[in-house]
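Colleague: I would like to learn how to read the meeting of two domains, and afterwards the cysteines, in a model such as this one. Could we take the features one at a time?

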Amino acid sequence: MNLKRSDLTPIELYGANTGNCLRVSIALEEAGIPYIVKLMDLRRGDQHRPEHLARNPMGRVPTIVSQDRDGQTLVLSQSNAILFYICDLTPGVLLPVDDIIGRARVLERFFFALTDVIGPSHSAFALRQINAGDSSAERLDRRSVEALTRAEAFLKEARFIGGEDFTLADIAAFTITIALRRLIDWPSLPHMQRWFDELHARPSIANGLRAFGHR
Ligand SMILES: N[C@@H](CCC(=O)N[C@@H](CS)C(=O)NCC(=O)O)C(=O)O
């Protein structure tokens, strides 16, 4: 099925103020796709209510409900699957389409952010949920920060994480940078600082953060 942005009624985005959800709201903003936030209170357990389990049996967010004008409905979870769906709705906006080398580079940097930076940080979060004082969590956070700061080399070469254009890779790297920013030695990372400041001032990012009340 080929959907265009104009074929869509506003996408419902079920989520909360978390990195996985903010990546989606920022991508929707950047792609110019209309959406309605359905705020879930994760502490209260909204994600485990039957109506949400019907959307996502994992009992997690983000989840989107996307309806085209012909009445076909897509209910989709997994933040990164949602990001690629957004890329498919707006070809070339967040991920190069025809430039095979440029696309490969953006995907390299996107998966760098997901697996080398966000991965260990999410594991640290999970360890802390089991045992707040777990010292392994701190080591995992340090591992994330150490990986993230390697992005200084990417940003020395180009304006954005994956090249001269803003892409999916910037969204992934930015949301985890916000989460880890107090652990980063900013004075030693002038290119990252320049990138972070530029992204913070970007309207799509500001709106995407605001969508879930992030400050
Ligand atoms: N792999 C999933 C992870 C989703 C996930 O863990 N979401 C968290 C918020 S970021 C959640 O729903 N937590 C509530 C819970 O586990 O009860 C994705 O990328 O969307």
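Colleague: To begin with the charged side chains, what is the count of salt bridges between domain 1 and domain 2?

Modeller: Bear in mind that this is a predicted model. Between domain 1 and domain 2 the count is one salt bridge, and the side chains of Glu 30 and Arg 202 meet in a salt bridge with an N to O distance of 2.6 Å. Across the interface of the two domains, one residue pair is found in polar contact.

Colleague: Which helices each supply at least two residues of the side of domain 1 that touches domain 2?

Modeller: They are helix 1, residues 19-31, and helix 3, residues 79-89. The largest share of that side of domain 1 comes from helix 1, which gives seven residues.

Colleague: Where do the domains run in the sequence, and how is the size of an interface often given?

Modeller: The size of an interface is often given as the accessible area lost when the parts come together. In this model the domain assignment gives domain 1 as 5-93 and domain 2 as 100-202, and their centres, taken over C-alpha atoms, are separated by 23 Å. Twelve residues of domain 1 are in contact with twelve residues of domain 2, and the area buried between the two domains is about 950 Å², with carbon and sulfur atoms giving 76% of it. Of the area that domain 1 buries against domain 2, 48% is supplied by Arg 23, Glu 30 and Phe 84, which is more than any other three residues supply.

Colleague: How many disulfides does the structure hold?

Modeller: A disulfide is a covalent bond between the sulfur atoms of two cysteines. The structure holds zero disulfides. For Cys 21, the nearest cysteine sulfur is that of Cys 87, 17 Å away, whereas a disulfide would require the two sulfur atoms to be within 2.5 Å.

Colleague: Is Cys 21 buried or exposed, and what holds for Cys 87?

Modeller: Cys 21 counts as buried because its relative accessibility is 0%, and Cys 87, at 8% relative accessibility, also counts as buried.

Colleague: As a last case, where does Arg 105 lie?

Modeller: Arg 105 lies in helix 4, which covers residues 100-130, and with a relative accessible area of 38% Arg 105 is partly exposed. Arg 105 and Leu 95 are ten residues apart in sequence, while their C-alpha atoms are 9.9 Å apart in space.

Terms used: Residues are numbered from 1 along each chain as its sequence is written. This is a predicted model: local features need pLDDT of at least 70, side-chain atom pairs count only at pLDDT 80 or more; totals for chains, interfaces and linings use all residues. Side-chain values use heavy atoms; hydrogens and water are left out. Buried means under 20% relative accessible area, exposed over 50%, partly exposed in between (1.4 Å probe, protein chains only). Domain bounds come from an automatic or database domain assignment. Contact means heavy atoms within 4.5 Å. Buried area is the accessible area (1.4 Å probe) that two parts lose on being put together, summed over both. A salt bridge is a side-chain nitrogen of Lys or Arg within 4 Å of a carboxyl oxygen of Asp or Glu. A polar contact is a pair of N or O atoms within 3.5 Å; within protein, one must be able to donate a hydrogen and the other to accept it, and residues adjacent in sequence count only if both atoms are side-chain atoms. Helices (H or I, at least four residues) and strands (E, at least two) are DSSP runs, numbered from the N terminus.
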